[in-house]
Amino acid sequence: PTKVASRRNPRAAEIIEIERESNELKQTLLLTYTGARLRRTFDWTLSNIEDDVSAYTERLTEMERRLFRKAAAASHADAM
């Protein structure tokens with residue numbers, strides 16, 4: 001069916017590929033932001049303000065670093 005659809009509509013194959021990539025990205029994000037990795041990141045956000053967390057945060061993706069900074073700011077603001 002994919003080949004027939006792509007002959008009738010040249011963009012159909014592109015749309016199918018985008019949908020496949022979208023589903024793959026969704027699964028990757030779900031795995032990244034659930035489970036042990038997310039819990040570990042949130043655990044680190046509860047560290048003392050004076051603790052050096054750079055060794056941990058340098059291993060994170062940019063998106064995880066942003067999440068870490070926001071969560072740490074929220075947890076430290078709440079403690080004050």
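At 32% relative accessibility, E17 counts as partly exposed, and in this predicted model the side chain of E17 meets that of R20 in a salt bridge, with a distance of 2.6 Å from N to O. R20 is likewise described as partly exposed, its relative accessible area being 41%. The two residues stand three places apart in helix α2, so about one helical turn separates R20 from E17. This salt bridge belongs to a wider set, since a search of the whole structure finds seven salt bridges.

The overall architecture gives the setting for these contacts. The secondary structure of the protein comes to five helices and zero strands, and the pattern read along the sequence is α-α-α-α-α. Of the 80 residues of the protein, 19% count as buried. The exposed surface of the protein amounts to about 6500 Å², of which carbon and sulfur atoms supply 57%. Among the contacts in the protein with a separation of 6 or more, 50% are accounted for by residues that lie 24 or more positions apart.

Further salt bridges involve helix α5, which spans residues 62-79. The side chains of R65 and E62 meet in a salt bridge at 3.6 Å, N to O, and because these two residues are three places apart in helix α5, they are separated by about one helical turn. R65 is partly exposed, with a relative accessible area of 24%, and E62, at 41% relative accessibility, also counts as partly exposed. E62 has another partner in R69, the side chains of R69 and E62 meeting in a salt bridge at 3.5 Å, N to O. R69 counts as partly exposed at 47% relative accessibility. Through salt bridges that share partners, E62, R65, R66 and R69 are joined into one network.

The interior was examined next. The largest nonpolar core consists of five residues in all, namely V53, Y56, L60, F68 and A72. Within this core, V53 touches W44, S47 and F68 when residues up to four places away in sequence are not counted. T57, which is found in helix α4, is buried, with a relative accessible area of 14%. When residues up to four places away in sequence are left out, T57 touches R65 and F68. R65 thus appears both as a contact of T57 and as a partner of E62 in a salt bridge, while F68 is touched by V53 as well as by T57.

The aromatic residues were then considered as pairs of rings. A pair of aromatic rings is described by the distance of the centres and the angle of the planes. A search of the whole structure finds two aromatic pairs. In one of them, the rings of W44 and Y56 have their centres 4.9 Å apart and their planes at 10 degrees, so the pair is stacked. W44 lies in helix α3 (residues 36-45) and Y56 in helix α4 (residues 54-57), so this stacked pair ties together parts that are 12 residues apart in sequence. The two members have unlike surroundings, as W44 is partly exposed, with a relative accessible area of 33%, whereas Y56 is buried, with a relative accessible area of 4%.

Y56 also forms an aromatic pair with F68, and this pair is tilted, with 6.5 Å from centre to centre and 50 degrees between the planes. The pair links distant parts of the chain, since Y56 is in helix α4 and F68 is in helix α5, 12 residues apart. F68 counts as buried, its relative accessibility being 8%. Taken together, the ring pairs link W44, Y56 and F68 into a cluster, and two members of this cluster, Y56 and F68, are also among the residues of the largest nonpolar core.

Nonpolar side chains are found at the surface as well. L25, L29 and M63 make a nonpolar surface patch of about 270 Å². L25 has its place in helix α2, which covers residues 10-32, and helix α2 is also the helix that holds R20 and E17.

Technical notes: Residues numbered from 1 in each chain as written. Predicted model: local features only at pLDDT ≥ 70, side-chain atom pairs only at ≥ 80, totals over all residues. Heavy atoms only, no water. Patch = residues over 30% accessible without salt bridge, like charges linked within 9 Å, V, L, I, M, F, W, Y side chains within 5 Å. Areas by Shrake-Rupley, 256 points an atom, 1.4 Å probe, with all protein chains shown as cover. Salt bridge = Lys/Arg side-chain N within 4 Å of Asp/Glu carboxyl O. Helix = DSSP H or I, 4+ residues; strand = E, 2+ residues; numbered from the N terminus. Core = buried A, V, L, I, M, F, W, Y, C linked by side-chain atoms within 4.5 Å. Buried < 20%, exposed > 50% of the residue type's maximum accessible area, 1.4 Å probe, protein only. Contact = heavy atoms within 4.5 Å. Phe/Tyr/Trp six-rings, centres within 6.5 Å; stacked < 30°, edge-to-face > 60°.
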